[in-house]
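Reader: I am new to this structure and would like a close look at a single part of it. Please pick one strand, go through its surroundings step by step, and then move outward.

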Amino acid sequence: MSEWWTYRIASFVLFSPRTYLRLCEIYNDAIWPLQIVTLAAGIALVLAAWVGRPSSARAIPLALAALWLFVAWAFHYRRYATINWAAQYFAVAFVAQALLLAWSGVAGRIRFGGVAAWRQRAAVCVVAAALFGVPLLERLAGRGWSQLEAFGTAPDPTAIGTLGILLLTRDPSPWPLLTIPLAWCAVNGAFQWTLGLADALALPLIALVALALRVASALRQPLRPSAR
Amino acid sequence: MRSPAPNGRRAFLGSLAGSAAALLLAPRSAGAQQPPITRAVPSTGEALPVVGLGSWITFNVGEDRTARDECADVMRVFFEAGGRMIDSSPMYGSSQQVIGYGLRKLGMPAPLFSADKVWIASGSRGAAQIEESRTHWSVPRFDLLQVHNLLSWQDHLPLLFAMKAAGRLRYVGITTSEGRRHADIEAIMRAHPLDFVQVTYNAVDRDVEARILPLARERGIAVIVNRPFRQGALISATRSAKLPSFAADVGCASWAALLLKFAVSHPAVTCAIPATTSVAHAQENMGVARGPLPDEPMRQRIATLFAKL
């Protein structure tokens with residue numbers, strides 16, 4: 001784009017807050033009661049990551065991959081792209097994250113469990129923020145029940161929940177798996193701020209906390225060559 | 001090179017013809033209304049009401065049927081009040097599809113003046129994008145196509161002029177917004193036989209008064225004004241301010257009406273395109289196209305007022 005530096009984020013906010021919330025509402029109505037299933041899946045995933053059985057190394061990344069793939073297709077491509085042409089690129093990024101997660105699972109690149117107690121507690125807090133905190137904040141910000149975003153079906157809680165679950169990996173720094181969720185939180189936080197949504201800052205703030213925890217765990221537990 | 005702007009008689013006759021046409025074409029419910037003020041497109045003399053309808057943000061409602069019907073209601077009120085120009089762009093998400101939905105629902109109103117844009121970096125894909133836009137609108141051809149924000153204008157302008165020469169388009173234009181690339185806009189206005197130029201103009205953003213608006217008059221180029229309310233920010237700024245008493249002299253009962261009167265009262269401006277999702281606001285906007293317009297001293301007072309807000 002010519003002189004792209006003259007554009008602000010506001011130049012790419014193509015719709016009103018009302019339109020976005022109506023889109024969430026119509027989407028939620030269309031997929032109900034899948035949100036209950038994905039919420040239960042989120043609880044099961046964090047419990048499995050906490051326990052850290054060997055089979056989790058494959059199952060958890062593959063389950064997360066399925067959720068990212070679903071959000072890419074059902075939310076970004078089928079719905080969000082109808083009001084935001086950038087959503088087709090968001091869909092591609094979510095598919096890329098799904099592929100990274102799936103590859104990590106199939107190749108056995110990450111293992112869960114055996115992490116310090118403080119990290120377990122922190123991870124549960126971040127996942128709880130994704131499963132319950134984000135919808136609660138959205139509700140407090142004035143959204144209707146049918147406009148709330150749920151883990152596994154909407155991008156924000158899915159990104160935060162993934163960051164939380166990945167805090168339970170034995171390897172201290174699975175950075176390739178963190179890049180897209182962190183980038184999404186930064187980009188969409190800025191976007192929602194520009195849109196004027198009252199809960200806009202929650203997403204990047206929770207992501208920042210997850211990032212800080214990840215850095216802290218990497219500093220406390222240097223990468224070992226025998227991590228696998 | 002094009003000839004200078006047409007003389008006053010041609011413009012006057014164009015306005016007269018346009019007003020008469022608007023009267024004939026307007027639905028019965030609007031029959032008792034005074035016809036809207038029109039300005040002539042300098043290159044043809046065709047008259048256009050000074051208030052049109054934009055679609056940035058407001059018409060991008062996706063597949064939400066309820067919201068689409070609300071947009072169609074805005075369009076219905078717009079046409080009933082004698083409106084003609086609706087403006088959109090491929091950049092505006094689903095706005096083109098929503099306009100098409102509204103037009104089909106309203107039975108493709110004959111007064112429609114369809115203004116759209118080409119907005120794609122690839123020059124070779126411009127024609128395909130235009131055809132896709134036309135399909136969204138459900139119109140046989142566009143009245144006006146503009147190069148959006150001068151994106152790849154070197155490739156798209158020749159295409160638009162070729163379409164016009166082939167009778168597949170009536171008018172060619174370029175656009176900018178928020179003060180971007182005014183030097184380039186000016187250079188293109190001087191070098192190419194444009195019919196329209198679209199710029200941001202309101203009581204605060206007045207850069208175009210210095211060079212672009214005078215140049216448009218000199219070159220006989222119609223001017224479309226976008227962001228007359230600065231996307232609502234100027235109206236928000238007046239929230240606690242009292243409407244000045246002189247607003248009543250030009251028939252304005254609100255700050256929004258006064259702002260819109262300011263934009264359309266510049267003699268070089270052909271049409272302003274405020275966007276709204278509200279039927280009441282659409283009616284208020286079209287009301288601006290009736291009654292007296294501010295003279296130059298009053299325009300200065302309006303600008304001074306907003307400079308202080």
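Author: What follows starts from one strand of chain B and works outward from there.

The model is a predicted one. The strand is β8 of chain B, residues 222–226. Chain B as a whole has 11 helices and nine strands. Of its 309 residues, 50% count as buried. In β8(B), five of the five residues are buried, so the strand is largely enclosed by the rest of the structure.

The two faces of the strand can be taken in turn. In a regular strand, side chains alternate between the two faces of the sheet. On one side of β8(B) are B:A222, B:I224 and B:N226, and on the other are B:V223 and B:V225. The residues on both sides are buried, and both faces are therefore covered. B:V223 also has a place in the largest nonpolar core, which holds 148 residues. B:V223 is one of the six residues that touch the most other members of that core, along with A:V126, A:I160, A:I165, B:L259 and B:A272. Within this core, helix α3 of chain A, residues 56–77, gives the most, with 10 residues. In soluble globular proteins, nonpolar side chains tend to be buried together.

Next come the strands that pair with β8(B). Strand β7 of chain B, residues 196–200, is joined to β8(B) by five bridges, and the two run parallel. In this pairing B:T200 stands opposite B:N226. Strand β9 of chain B, residues 271–272, also pairs with β8(B) in the parallel sense, over two bridges. Here B:C271 in β9(B) stands opposite B:I224. B:A272, already named among the core residues, falls within the range of β9(B).

These pairings belong to an open sheet of seven strands of chain B, in the order β3-β4-β5-β6-β7-β8-β9, with parallel pairing. The edge strands of this sheet are β3(B), residues 85–87, and β9(B), each of which pairs on one side only.

The link between β7(B) and β8(B) is worth following. Helix α7 of chain B, residues 212–219, forms a right-handed β-α-β unit with β7(B) and β8(B). The buried residues of α7(B) are B:I212, B:L213, B:A216 and B:R219. They cover an arc of only 135° around the axis, which puts them on the same side of α7(B). An α-helix has 3.6 residues a turn, so residues three or four places apart point the same way. The buried residues of α7(B) pack against β7 and β8 of chain B, and also against α6(B), residues 182–191. After α7(B) comes B:G220, with a positive phi near 70°.

Other loops of the chain also hold residues with positive phi. Most residues other than glycine have a negative phi, and most peptide bonds are trans. B:N149 has a phi near 50°, a positive value in a residue other than glycine. B:N149 is in the loop between β5(B), residues 142–147, and α5(B), residues 153–165. With 25 C-beta neighbours inside 10 Å, B:N149 counts as buried. B:E178 is a second case, with a positive phi near 55° in a residue other than glycine. B:E178 is found in the loop between β6(B), residues 169–175, and α6(B). With 17 C-beta neighbours inside 10 Å, B:E178 counts as partly exposed.

A helix further along chain B can be set beside α7(B). Helix α11(B), residues 296–308, has 13 residues and reaches 19 Å from its first C-alpha to its last, close to the 18 Å expected at 1.5 Å a residue. B:M298, B:I302 and B:F306 are buried in α11(B). They cover an arc of only 75° around the axis, which puts them on the same side of α11(B). On the other side of α11(B), B:E296, B:P297, B:Q300, B:T304, B:A307 and B:K308 are exposed. The cover over the buried residues of α11(B) includes α8(B), residues 233–237, and α9(B), residues 255–265.

Key
Residues are numbered from 1 along each chain as its sequence is written. Chains are lettered from A and ligands numbered from 1 in the order in which they are written. This is a predicted model: local features need pLDDT of at least 70, side-chain atom pairs count only at pLDDT 80 or more; totals for chains, interfaces and linings use all residues. Helices (H or I, at least four residues) and strands (E, at least two) are DSSP runs, numbered from the N terminus. A residue is buried if 20 or more other C-beta atoms lie within 10 Å of its own, exposed if 12 or fewer, and partly exposed in between; C-beta atoms are placed from the backbone. A nonpolar core is a set of buried Ala, Val, Leu, Ile, Met, Phe, Trp, Tyr and Cys residues joined through C-beta atoms within 7 Å. Two strands pair if DSSP finds at least two bridges between them. A crossover is right-handed if, with the strands pointing away from the viewer, the path from the first strand over the helix to the second runs clockwise. The arc is that of the directions from the helix axis to the C-beta atoms. Two residues are in contact if their C-beta atoms, placed from the backbone, lie within 7 Å. The expected span of a helix is 1.5 Å times one less than its number of residues.
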